[in-house]
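Biologist: I would like a close look at a single part of this model. Please keep it brisk.

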Amino acid sequence: MNKIIYLFCFLPIVMACNNDDPGDVVFSADILNVRGTRYSESKNSIEETYSNFIETLNANQAISIIAEVDHAANARAVGRVLNPTKIVFFANPNLGTPLLQKNQLAGLDLPQKVLFFENDDALVFAMYNSVAYLESRYQLQDTTTLGQVSVAVENLTSAATESEVQRVSNLIVEIGEGIITVESTQNFEQTYTSLEAAISSEENFKIFAQLDHQANASSVGMAIRPTKLIIFGNPNLETPLMQNSQTTGLDLPQKMLVWEDRNGIVKISYIDPLYLQQRHGISGNDSQVQKIITILEKLAKAGAGI
């Protein structure tokens, strides 16, 4: 999908470091102590909070929404029950391309996304991955647009919730933590086409969005090597994880990044389900997680032609 995607900036451009000062520590409840995230408790209902967010995006001509996924509605469609849980994906090649130029693998966590959910206590939250999380996971130090991204997403979230944005106690992770990469035996287009076909052939799987990072970079006069993201999911497999730990919705639906490195080697990268289990404190559900592991391995191999 060669869609030009724009983000926003509510405050003057921030050229310095990001807004995740490690000295400003806020300890949160367990449900919100998801490593690498920032969050805000809303003063409004989830419907109002989400609508505020979407309306703000739509009111700004510089913004384009890639995908909206209603996890709770998807759960109902397969006869399962999940508290209100929605995620929206949005980005800007002017801000995101410098991150991809620094490390293509960052395309696995781009475009930006914010999760909205109402928990068992009827408390409503908005949550997103912090810039410090992206910086540490993908070695994005000294990428000047990180600060702009941090300010913009924080202001969007705060406006929607009418509350300040908080941070968890630990924002950083190890380099490449939780990422599985498979080398392909095929060229880039063959790999992506094979992966797309493999996903489409899986029962109950749906492709929510496809994003051509290279085309988007080109649209704003910047260049990166071939890089495409495909976002897909299966509520039969994913809903039990969110029923166990609702914040898992931040890392769902599943994503796979197809990219060609500087040596011309084509790779498929995706998030290890065991990492999601650990990050979101999912207890039990081991058999469900193993099923997801098996399917993702199968899809990656099919795309890689191995």
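Why is helix α8 (residues 235–244) largely enclosed by the rest of the structure? Please start there, then work outward to the elements around it.

Modeller: A caution before the details: this is a predicted model. Now to the helix. Seven of the 10 residues of α8 are buried, so the helix is largely enclosed by the rest of the structure. Buried here means under 20% relative accessible area. The buried residues are Pro235, Leu237, Glu238, Thr239, Pro240, Leu241 and Met242.

What covers them? The cover includes two helices, α2 (71–77) and α10, and two strands, β9 (227–233) and β10 (254–260).

Take α10 next. Helix α10 spans residues 286–304 and packs against helix α6 (residues 188–201). The angle between the two is about 145°, and their axes lie 7 Å apart. The crossing of α6 past α10 is right-handed. On the α6 side, the contact uses Thr191, Ser194, Leu195, Ala198 and Ile199. On the α10 side, Leu299, Ala302 and Gly303 meet them. Five residues of this contact are nonpolar, three are polar and none is charged.

Now the nonpolar cores. The largest has 65 residues. Phe53, Leu57, Val88, Val114, Phe116 and Tyr138 have the most contacts inside it. A second, separate core has 25 residues, including Ile230, Met256, Leu296 and Ala304.

Val88 leads to the sheet. Val88 in β3 is the bridge partner of Glu68. Strand β3 (residues 85–90) runs antiparallel to β2, and five bridges join the two. The whole open sheet has six strands, in the order β2-β3-β4-β5-β1-β6, with antiparallel pairing. Its edge strands are β2 (65–70) and β6 (166–167), each paired on one side only.

Phe116 leads to β4. Phe116 in β4 is the bridge partner of Lys86. Six bridges join β3 to β4, again antiparallel. Six of the seven residues of β4 are buried, so this strand, like α8, is largely enclosed by the rest of the structure.

On to β5. Four bridges join β4 to β5, which run antiparallel. Here Glu118 has Val124 in β5 as its bridge partner. The hairpin of β4 and β5 has five residues between the strands, and Ala122 there takes a positive phi near 65°.

One more helix meets this sheet. Helix α5 (residues 145–161) lies across β1 (37–41), β3, β4 (112–118) and β5 (124–129). Helix α5 runs at about 170° to β5.

Definitions and conventions:
Residues are numbered from 1 along each chain as its sequence is written. This is a predicted model: local features need pLDDT of at least 70, side-chain atom pairs count only at pLDDT 80 or more; totals for chains, interfaces and linings use all residues. Side-chain values use heavy atoms; hydrogens and water are left out. Axes are lines fitted to C-alpha atoms, for helices over the stretch in contact, and angles run from 0 to 180 degrees between N-to-C directions. A crossing is left-handed if the near helix is turned anticlockwise from the far one by less than a right angle, and right-handed if clockwise. Contact means heavy atoms within 4.5 Å. Ala, Val, Leu, Ile, Met, Phe, Trp, Tyr, Cys and Pro count as nonpolar, Asp, Glu, Lys and Arg as charged, and the others, Gly among them, as polar. Two strands pair if DSSP finds at least two bridges between them. A nonpolar core is a set of buried Ala, Val, Leu, Ile, Met, Phe, Trp, Tyr and Cys residues joined through side-chain atoms within 4.5 Å. Buried means under 20% relative accessible area, exposed over 50%, partly exposed in between (1.4 Å probe, protein chains only).
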